[in-house]
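Got your viewer open and a hand free for clicking? Let's take a walk through this chain, one selection at a time.

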Amino acid sequence: MLTSKNMTNRQIAELLIDVAAAHQLVDPKTYKFQIIAYNRAASSVEHATSELKDLWDDGKLDSVPGIGKSIAGHLSEIFSTGKSRHFEQISKGIPVEVFKLMELPGIGIKTAIKMVKEESKTEIKKKLDEVNKIRNKNKRHLLPYAQKIASELTKWLLDDLNCKNVQVLGSLRRKVATIGDIDIAVATNNPVKTIEHFVNFPKLQKIIEKGDKTASILVPGGVSVDLLVSSVDSFGSALQHFTGSKFHNIALREYANKLGYSLSEYGIKKKKSKKETSASTVNKFRDEKSFYNFLKLDYIEPEIREGTDEIKASMNHTLPKLVEVGDLKGDLHIHSNYDIETSHDLGLSSMKDLVKKANELKYEYLAMSEHNPSKSKHTEAQIVDILKRKREKVEQLNYSLSKTKNNSVKKVFNSLEIDIMPDGLLPVSGVGLQTLDFAIVSVHSSFRLKRNEMTKRVLSALAHPKVLIFAHPVARKINQREGIDLNWEQIFEFCVKNNKILEINSSPARLDLPDLLVRDAVNAGVKMSINTDSHHLDHMDGIGNGVSVARRGWCEKKDIINTMSLEKFKEVIQ
DNA sequence: GCCGTTTTCGGCCCGACTGTTTTCAGTCG
């Protein structure tokens with residue numbers, strides 16, 4: 001159990017899992033609830049949107065759910081001294097290898113201890129190598145990749161004629177940014193045959209487990225697929241159960257408990273009182289809505305089933321009406337192939353083709369937002385010339401649109417995605433900016449500035465009156481690059497005060513703002529814009545990814561500016 | 001160890017599969 005003053009959230013989460021395991025070893029019965037608490041805290045830390053070290057600096061460690069007085073105290077000790085006496089005490093005598101071995105699937109602390117005691121040094125070494133391999137390989141998959149495998153499996157399962165319904169559930173249905181494994185439920189007349197069919201999937205690599213009701217296989221890319229079989233008349237409960245999240249289900253069951261019910265994938269039953277010996281009958285549900293309604297709850301959309309406060313809102317009938325793809329009236333971040341000698345990659349489709357695509361999507365407007373002309377290759381005067389030329393091009397396009405009938409697109413805006421330089425300045429002068437309808441700014445370099453510096457950098461760029469949108473604000477690339485470190489409270493406050501918009505970028509490797517920050521932004525009253533950042537007209541179909549992120553962040557239509565009509569949006573940029 | 005529309009005390013989800021200690025512990029989601 002290694003600790004240091006500068007632990008990242010990821011490392012702290014791992015530490016808390018180890019602490020939970022240590023309690024498990026010492027006495028699982030006595031520490032039953034501490035184990036739950038530490039594991040819960042670990043998961044919470046892993047998903048936190050600020051580094052705990054920063055929160056500790058600000059004295060806000062206990063703002064993280066699942067971290068109370070005690071854990072906050074231990075972490076505080078670690079941040080100031082590099083060590084925790086309590087964590088050292090509880091893990092005394094447990095070899096470090098034990099915690100590493102627990103990263104292997106199916107290995108808990110008891111098994112790991114046994115292995116270290118009984119197996120040879122070379123055997124252990126082999127297994128530790130395996131752990132490192134898993135660590136390197138075990139990246140979570142992007143949505144499109146997972147979706148492709150899931151649809152292949154769905155098709156395969158439907159080949160079995162006993163199969164009446166197949167649904168992809170779990171994190172894929174909740175539209176989490178990255179997918180660890182794939183969960184599928186089937187309604188079948190013949191569970192045995194259906195499971196047999198499932199494990200005969202042509203691309204199968206390995207059967208992990210196979211029982212009467214569930215099975216689990218490994219498919220190429222190291223993706224595991226869990227199958228749950230159900231009957232048609234209780235399929236609703238199965239959907240609910242397997243959609244999760246785990247924390248939503250736990251919260252839902254705690255809530256149901258208080259009403260005297262017990263929930264499972266089979267349905268809802270009245271809790272047995274101590275006198276009763278025979279099991280009570282199970283209420284079955286064909287669909288999810290009736291399942292939730294039975295518990296006096298409004299239906300909860302899958303994207304927000306994360307165990308935060310959705311059950312409370314459902315109970316009080318205050319759930320948001322989440323934004324939908326059909327609400328969008330335009331896409332404000334699109335790169336055409338019109339060559340303005342940009343600092344980063346140019347788009348691949350012509351403005352004309354992009355407008356045609358926007359027509360198909362029933363948009364009223366879109367914005368051509370290429371990267372700014374590269375600063376190193378041009379003088380300021382040249383940049384202004386280039387931008388004037390582009391303005392004319394867009395004006396021509398608008399003129400021809402005004403002459404064309406039956407197109408839904410009425411207006412193309414002239415925009416630009418401008419780099420925010422490390423010092424917060426923009427590589428386009430005031431004169432250049434005046435050629436634009438509005439500007440988008442974003443960070444494409446110097447990602448590692450300290451939080452205060454980075455916040456200052458971004459705010460100084462946002463301050464220019466022409467700047468409307470802060471694009472992919474976290475600047476992360478999933479599985480490749482961590483995001484930048486910003487003081488979000490300050491950013492949100494500035495945006496609200498000055499009518500600046502935060503982008504929800506739909507690119508599957510970005511999904512940025514991330515869902516949790518979207519939720520914070522909504523609560524702070526910040527308006528957002530869902531854009532595709534398309535570099536090809538086909539990318540414009542990906543808008544749904546951004547909409548999913550917005551939905552996970554509890555966005556309603558009113559929170560998203562590009563759901564506005566053209567007239568309303570024009571007012572915004574005035 | 002955390003947490004609160006019933007609680008600052010007294011609760012804390014529920015079931016499946018594996019392997020083996022044939023009645024359950026360990027692990028997982």
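Helices (H or I, at least four residues) and strands (E, at least two) are DSSP runs, numbered from the N terminus. With that in hand, select Lys-137, which sits in helix H8 (residues 121–137).

Before you click further, some housekeeping. This is a predicted model, where local features need pLDDT of at least 70 and side-chain atom pairs count only at pLDDT 80 or more, while totals for chains, interfaces and linings use all residues. Residues are numbered from 1 along each chain as its sequence is written, chains are lettered from A and ligands numbered from 1 in the order in which they are written, and side-chain values use heavy atoms, with hydrogens and water left out.

**Stop 1: Lys-137**

Is Lys-137 buried or exposed? Buried means under 20% relative accessible area, exposed over 50%, and partly exposed in between (1.4 Å probe, protein chains only). Lys-137 has a relative accessible area of 66%, so it is exposed. Now pick Thr-49 as well: its C-alpha atom is 24 Å from that of Lys-137, and the two are 88 residues apart along the chain.

**Stop 2: the whole chain**

Zoom out and colour chain A by secondary structure: there are 23 helices and 17 strands. The radius of gyration (taken over C-alpha atoms) has a globule rule, 2.2 Å times the number of residues to the power 0.38. For the 574 residues of chain A that rule gives 25 Å, and the value here is 27 Å, which is close, so chain A is as compact as a globular protein of that length. Turn the C-alpha trace around, and along its principal axes you'll find spans of about 80 × 60 × 50 Å. Buried residues make up 50% of chain A.

**Stop 3: Ser-44**

Select Ser-44, in helix H2 (residues 32–47). Its relative accessible area is 16%, so Ser-44 is buried. Which residues does Ser-44 touch, not counting those up to four places away in sequence? Contact means heavy atoms within 4.5 Å, and Ser-44 touches Val-64 and Pro-65.

**Stop 4: helix H19**

Next, highlight H19 (residues 451–462). The expected span of a helix is 1.5 Å times one less than its number of residues. For the twelve residues of H19 that comes to 16 Å, and its end C-alpha atoms are 16 Å apart, which agrees. Its buried residues include Thr-455, Arg-457 and Ala-461. Show the surroundings too: helix H3 (52–57), strand E14 (439–442), strand E15 (467–470) and helix H20 (488–498) are among what covers the buried residues of H19.

Stay here and add Gly-424, from the loop between strand E13 (411–419) and helix H18 (430–434). At a relative accessible area of 3%, Gly-424 is buried. Leaving out residues up to four places away in sequence, Gly-424 touches Arg-457, Ser-460 and Ala-461. Try the distance tool from Gly-424 to Thr-455: they are 9.4 Å apart, C-alpha to C-alpha, and 31 residues apart in sequence.

**Stop 5: backbone oddities**

Most residues other than glycine have a negative phi, and most peptide bonds are trans. Where do you go for exceptions?

- Asn-406 has a positive phi of about 65° and is exposed at 84% relative accessibility.
- His-472, in the loop between E15 and H20, has a positive phi of about 25° and is buried at 1% relative accessible area.
- The peptide bond from Gly-244 to Ser-245 is cis, with omega near 0°.
- The peptide bond from Asp-512 to Leu-513 is cis too, with omega near 10°.
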